[in-house]
Amino acid sequence: FEKFALEELTLIGIISGDANPRAMFRDPGGLGQTVKRGDYVSKTGARVTKILSDRIILELAEITPSGETRPLEKAVLVNPEESQK
């Protein structure tokens, strides 16, 4: 998944309810891959920090105008169309 932008990946499912929740992304070609907390996704190197029942939280590195890097959190929701199938 490191060759795709985060916007190209679709969060299609979450398996929660135990100590090791997992989430599944699908790439533009239809290939699915599961991730767990601590894994990296996308070519921006977004790290999975939390997996909740309806979303995951990713940590990205944002570069400020002064050139410093700071962490930025982004929530990604499960695709509602996929969860209804």
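Reader: Over how many bridges do strand 2 and strand 3 pair?
Author: Happy to start there, with the reminder that this is a predicted model. Strand 2 covers residues 22–26, and its pairing with strand 3 is antiparallel. One of the positions involved is arginine 22, whose bridge partner in strand 3 is lysine 36. The number of bridges between strand 2 and strand 3 is five.

Reader: What is the order of the strands in the open sheet of three?
Author: The pairing in this sheet is antiparallel. Strand 1 (10–15) and strand 3 (32–36) each have a single partner strand, so they stand at the edges and one side of each is left without a neighbour in the sheet. From one strand to the next, the twist averages 30°. The order is 1-2-3.

Reader: Which residue in the turn between strand 1 and strand 2 has a positive phi?
Author: Strand 1 and strand 2 run antiparallel and are joined by five bridges. Together they make a hairpin, with six residues between the two strands. The phi in question is about 105°, and the residue is glycine 17.

Reader: Which residue in strand 2 does isoleucine 14 stand opposite?
Author: Let's begin with the core, where isoleucine 14 is among the residues with the most contacts. Its opposite number in strand 2 is on that list as well. That residue is alanine 23.

Reader: How many residues does the largest nonpolar core have?
Author: Those with the most contacts inside this core include Leu11, Phe25, Val41 and Leu58. Strand 1, strand 2, strand 5 and strand 6 each supply at least two of its residues. The count for the core is 18 residues.

Reader: Which residues of strand 5, strand 6 or strand 7 is phenylalanine 25 in contact with, leaving aside its neighbours within four places in sequence?
Author: Good one to trace on the model. Contacts of phenylalanine 25 include Leu9, Leu11 and Ile12, and also Leu31, Gln33 and Val35. Strand 6 spans 55–63 and strand 7 spans 69–77, while strand 5 is residues 46–51. From these ranges, the contacts you are after are Ile56 and Val76.

Reader: Which strands stand at the edges of the four-stranded sheet?
Author: This open sheet has the order 4-5-6-7, with antiparallel pairing. A strand at its edge has a single partner strand, so one side is left without a neighbour in the sheet. The edge strands are strand 4 (40–41) and strand 7.

Reader: Through how many residues does the hairpin join strand 5 to strand 6?
Author: Strand 5 and strand 6 run antiparallel and are joined by four bridges. In one of these, isoleucine 51 has isoleucine 56 of strand 6 as its bridge partner. The hairpin joins the two strands through three residues.

Reader: Which residue in strand 7 stands opposite isoleucine 56?
Author: Strand 6 and strand 7 pair in the antiparallel sense over nine bridges. Next along strand 6, isoleucine 57 stands opposite alanine 75. For isoleucine 56, the residue opposite is valine 76.

Reader: What is the positive phi of glycine 67 in the turn?
Author: Glycine 67 belongs to the hairpin formed by strand 6 and strand 7. Five residues lie between these two strands. The phi of glycine 67 is about 95°.

Reader: Does glutamate 68 count as buried or exposed?
Author: Glutamate 68 sits in the loop between strand 6 and strand 7. Not counting residues up to four places away in sequence, it touches Glu62 and Ile63. Its relative accessibility is 54%, and exposed means over 50%, so glutamate 68 counts as exposed.

Reader: What distance separates the C-alpha atoms of glutamate 68 and glycine 30?
Author: Along the chain, glutamate 68 and glycine 30 are 38 residues apart. For scale, the C-alpha trace spans about 45 × 30 × 20 Å along its principal axes. The two C-alpha atoms are separated by 36 Å.

Reader: What radius of gyration does the chain have?
Author: The chain comes to one helix and seven strands, in the order β-β-β-β-β-β-β-α from the N terminus. Of its 85 residues, 29% count as buried. A compact globule with 85 residues would have a radius of gyration near 12 Å, and the value for the chain agrees with that, at 13 Å.

Note on methods
Residues are numbered from 1 along each chain as its sequence is written. This is a predicted model: local features need pLDDT of at least 70, side-chain atom pairs count only at pLDDT 80 or more; totals for chains, interfaces and linings use all residues. Side-chain values use heavy atoms; hydrogens and water are left out. Two strands pair if DSSP finds at least two bridges between them. Axes are lines fitted to C-alpha atoms, for helices over the stretch in contact, and angles run from 0 to 180 degrees between N-to-C directions. Buried means under 20% relative accessible area, exposed over 50%, partly exposed in between (1.4 Å probe, protein chains only). Contact means heavy atoms within 4.5 Å. A nonpolar core is a set of buried Ala, Val, Leu, Ile, Met, Phe, Trp, Tyr and Cys residues joined through side-chain atoms within 4.5 Å. The radius of gyration is taken over C-alpha atoms; the globule rule is 2.2 Å times the number of residues to the power 0.38.
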